[in-house]
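Walk through this model with the structure open beside the text. The route goes from one ring pair to the strands and then back to the surface.

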Amino acid sequence: MNTHGPRGAFGPHPSLLGRPARGRNPLRRRTDRVQSWFSLLFLLVLVLGLPMAAVSAGNAAHASQMRVVHDQEAARHQITARLAETPPGGPGQSEATELRMAKVSWTGDDGARHAGVATVPGDADAGTEVRVWVGPDGDLAQPPTSPSTARTMGWFTGMLTAAAVAGAAFAGRARVRQVLDRRRYAQWDAEWKVVEPAWSGRNRR
């Protein structure tokens, strides 16, 4: 007969997934309670903090980029210009969807002739009328940023923020556990130095 009973019948059961057991337990140390509170804080950060931070950062980035879009749309406008040369590749060698850089000329609001290099359809020929963007000074300018770019920026910023918050939360959790484990080991060593001589009988004469 085994006087010690079945294995595992006595003593505290190991906690699941390495998490300290909750509830009243005389063997539960202060470090276990601290770890439980930090685990709860970790879950709150992932469940509440991460989505809120991602949405807030994404909305802020989208709003900021949309202000840029509106400012550019207000400052730039399209005019009709005429191709002064055939784009590289020429008609028949380029498709309309391909964009090429070519010299264009146009008459400004002041009646003066202007010239510059703009992005035009690749299948256009010299003398073809094209639409180009000019800035407030009447010089050629890039098209305004599209709202889709602002949406992309918002999504990208939100996902980047979510990744950063998650990474910080996991790193913080690992660091707290490392500190608590180090403290546990130090406490166990100190207690073992007191208990071991009496338990092993080394103090008996």
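**Aromatic pair, strands and surface**

This is a predicted model, and its count of aromatic pairs comes to one. The partners are Phe42 and Phe170. Their ring centres lie 5.0 Å apart. Their planes meet at 75°, so the pair is edge-to-face; the cut-off for that class is over 60 degrees. The pair links distant parts of the chain. Phe42 sits in helix α1, and Phe170 sits in helix α2, which covers residues 147–200. In sequence the two are 128 residues apart.

Are these two rings buried or exposed? Phe42 counts as buried, because its relative accessibility is 11% and the limit is under 20%. Phe170 is at 47%, so it counts as partly exposed.

Stay with helix α1, which spans residues 30–75. Trp37 also belongs to this helix. Its relative accessible area is 63%, so Trp37 is exposed. Trp37 is part of a nonpolar patch on the surface. The other members are Leu40, Leu44, Val47, Leu48 and Met52. Together the six residues of the patch have about 670 Å² of accessible area.

Arg67 lies in helix α1 too. It counts as exposed because its relative accessibility is 52%. Now look at Ala150. The C-alpha atoms of Arg67 and Ala150 are separated by 9.3 Å. Along the chain these residues are 83 apart.

Next, the strands. The largest nonpolar core has twelve residues. Among them are Ile79, Leu83, Ala102, Trp106, Val120 and Val132. Which elements give two or more residues to this core? They are β1 (77–83), β2 (99–107), β3 (113–121) and β4 (129–134). Take Ala102 as a way in. Leaving aside neighbours within four places in sequence, Ala102 is in contact with Leu83, Glu85 and Pro87. Under the same condition, its contacts also include Gly116, Val117, Ala118 and Val120.

Two of these strands are also linked by charge. Side chains of opposite charge can pair when their charged atoms come close. The model has one salt bridge. It joins the side chains of Glu129 and Arg82, at 3.1 Å from N to O. Glu129 is in strand β4 and Arg82 in strand β1, 47 residues apart. Glu129 counts as exposed because its relative accessibility is 51%. Arg82 has a relative accessible area of 41%, so it is partly exposed.

Methods: Residues numbered from 1 in each chain as written. Predicted model: local features only at pLDDT ≥ 70, side-chain atom pairs only at ≥ 80, totals over all residues. Heavy atoms only, no water. Core = buried A, V, L, I, M, F, W, Y, C linked by side-chain atoms within 4.5 Å. Buried < 20%, exposed > 50% of the residue type's maximum accessible area, 1.4 Å probe, protein only. Helix = DSSP H or I, 4+ residues; strand = E, 2+ residues; numbered from the N terminus. Contact = heavy atoms within 4.5 Å. Patch = residues over 30% accessible without salt bridge, like charges linked within 9 Å, V, L, I, M, F, W, Y side chains within 5 Å. Areas by Shrake-Rupley, 256 points an atom, 1.4 Å probe, with all protein chains shown as cover. Salt bridge = Lys/Arg side-chain N within 4 Å of Asp/Glu carboxyl O. Phe/Tyr/Trp six-rings, centres within 6.5 Å; stacked < 30°, edge-to-face > 60°.
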